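Biologist: I'd like to go through the labels on this one and hear the reasoning behind each. Can you show it to me first?

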Protein chains: 2
Amino acid sequence: MEMTDPQTLAAAVARGDRRALARAITLVESAREDHRPRAEALMATLPEGPCALRLGMSGTPGAGKSTLIEALGMRLAGRGSRVAVLAVDPSSQRSGGSILGDKTRMERLSREGGAFIRPSPAGGQLGGVARRTREAVRLCEAAGFDVVIVETVGVGQSETLVAEMTDVFALVLAPHGGDDLQGVKRGVMEAADLILVNKADRDPAAAAHTQGDYASALRLMRRRAMDPEGYPRVMTVSALTGAGLAEAWDAVERLWSWRRDEGHLQRLRAEQRLRWFEAEFMALALARLHRDGRLAGDLREAVAAGRLSPPEAARRALGGA
Amino acid sequence: MEMTDPQTLAAAVARGDRRALARAITLVESAREDHRPRAEALMATLPEGPCALRLGMSGTPGAGKSTLIEALGMRLAGRGSRVAVLAVDPSSQRSGGSILGDKTRMERLSREGGAFIRPSPAGGQLGGVARRTREAVRLCEAAGFDVVIVETVGVGQSETLVAEMTDVFALVLAPHGGDDLQGVKRGVMEAADLILVNKADRDPAAAAHTQGDYASALRLMRRRAMDPEGYPRVMTVSALTGAGLAEAWDAVERLWSWRRDEGHLQRLRAEQRLRWFEAEFMALALARLHRDGRLAGDLREAVAAGRLSPPEAARRALGGA
């Protein structure tokens, strides 16, 4: 990587320089220890950008999430908005990336001048992926993007992560035939501000049925203070025909504006920063545990041999009770 | 909870006293801060039990995992083995438990004298659930169970957790129609020692097809040192008719015995204890961060207000660079 100093890079990002943004994200994504101080200097000098709409999008496999994001992105680009799409994929800690690969994603949107698409960084721990994506979101915001979409390619824990770094969280589902809820976890349902039933063109009746099922399920959940009347919502859309896309985006924007105007957005982001702080703190504490000779040596040995219980060893490592 | 001292409780567990085991698990599952020292004293006094076969089982929703575990458990009970089944369900951090509930699970097996079934503790963080389950596994082992099955009710990150606390990890799937891999993540596939395609009675051709697909996918993966020739394996079974169950259990036991005899089991468990140590260390570090006035005050305030970046705050909280 070219050695631009962090201040110069931050200034170029803030001017909206696309290449500088790409390089800045590469820097924060770097797993090299010696890149970290530069990455943090970059983040520390980064001016506050205008407040972008941060939208998290997740979905069950086969729901057509990427196609839907591309269709929404094209609409936004068409009206002059600048859209950035970041992907999170912690699906494999060993080999990185999902089985299907990421080669042909969002080709149309990537050719739009106002759009910026960043595929998922390769592999890494869930925590590391989360940190890098949070920093990438901040970078896109500082670069002047109006909308930053964070897409999670994985299923499971990653939805929660994405919901914890965005202002609005949308769940994309395909219409289902039976009476199950497609294995959508309650925790993910609870995090969803908007459920979009995609592929409504194929079987409108099934889509409407799915919409009804999820609307019923959502009604059983606790009303949150940061929701206006009528949210969370379930809507049917078709990325293919474009049906419902205008309404879906309108629902996203109205929710976001309401949260911003009522002060919920500021509170939400403050909470998210605190959780990020805690995650960083734990990661750093663990890194020191590995570097410290005594801890890396005696305690680990006793734990591995089964002579010392892991909770007891943890207490000793932190020094006292 | 009745106040038995930890030493007495540990001794009763080690004698195989069923009520003592249930109370011990309740103690380690307790979220009450003042129960923790007693729980740790219990774990510290617990004698090493005989080495049980720790089997992790996970599966996609609708694959019939619980029915399969019950059928395997009935077979084991029938030949005189003592089987414990523990469930892990970190699906909801807010309200606890999955949507479908847990009421009627494994009724037949729960009536078997030699079996012990413990439903999932309510809610909690993924890390907390993992700690409690690890301790519950140790308790069951100390109580003399021959087989401890840890079932994950959730999907996503919880499979990895369960794989990290068991000796052998089996993935249960239903036969599929198309050519997809049912959204099974690569990381989960890589952790699987055995893939059981259940419901083979319904459509044997589809089951065989699914078996072939997964066998192909597994062949693309790296051979692990802790696998004998022929593993990981894909097999078809039917919990309903019992077809393939004897072969499946034989495959589990042969793998486990091989790993034990070759020394892999000891290494695997040592690694698992180290990871547990690290998880405990981070949880404890975080708990202290919350209790410490200066950290809980000034730094958190600066982070929440956006005046200090979370990584920078984390470094200051740990004191220096």
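Biologist: What makes A:Cys140 count as buried?

Modeller: Its relative accessibility is 0%, and the cut-off for buried is under 20%, so A:Cys140 gets that label. A:Cys51 comes out at 42%; that sits between 20% and 50%, so A:Cys51 is called partly exposed. Keep in mind that this is a predicted model.

Biologist: And how many disulfides are there over all chains?

Modeller: Zero. The rule asks for two cysteine sulfur atoms within 2.5 Å, and the count over all chains has none.

Biologist: Why is A:Ser58 called buried?

Modeller: Same test: 0% relative accessible area against a limit of under 20%, so buried it is. A:Ser58 lies in strand 1 (residues 53-59) of chain A. Beyond its sequence neighbours within four places, its contacts include A:Lys65, A:Thr152 and A:Phe169.

Biologist: How do you know that A:Arg259 and A:Asp193 form a salt bridge?

Modeller: Their side chains come to 2.7 Å, N to O, and the limit is 4 Å, so the pair qualifies. The two are 66 residues apart, with A:Arg259 in helix 10 of chain A and A:Asp193 in the loop between helix 8 and strand 6 (194-197). With relative accessible areas of 1% for A:Arg259 and 3% for A:Asp193, both fall under 20% and therefore count as buried.

Biologist: What separates B:Arg315 and B:Glu312 in the helix?

Modeller: About one helical turn, because they are three residues apart in helix 13 (residues 310-318) of chain B. Their closest N and O atoms are 2.8 Å apart, so this pair also meets the 4 Å limit. B:Arg315 has 21% relative accessible area and B:Glu312 has 25%; neither is under 20% or over 50%, so both are partly exposed. They also belong to a salt-bridge network with A:Arg36, A:Glu40, A:Glu135 and B:Arg316.

Biologist: Where in chain A does pLDDT stay under 50?

Modeller: Over residues 92-103, for which the model still has 29 contacts beyond four places in sequence. Where pLDDT is low, the predicted coordinates should not be read in detail. Chain A as a whole has a mean pLDDT of 84, with 85% of its residues at 70 or more. Among its elements, helix 10 (residues 245-261) has the highest confidence, at a mean of 97, while helix 8 (residues 186-191) has the lowest, at 78.

Biologist: What does the predictor give for the complex?

Modeller: An ipTM of 0.79 and a pTM of 0.69.

Conventions. Residues numbered from 1 in each chain as written. Chains lettered and ligands numbered in written order. Predicted model: local features only at pLDDT ≥ 70, side-chain atom pairs only at ≥ 80, totals over all residues. Heavy atoms only, no water. Buried < 20%, exposed > 50% of the residue type's maximum accessible area, 1.4 Å probe, protein only. pLDDT = per-residue confidence, 0-100. Helix = DSSP H or I, 4+ residues; strand = E, 2+ residues; numbered from the N terminus. Contact = heavy atoms within 4.5 Å.
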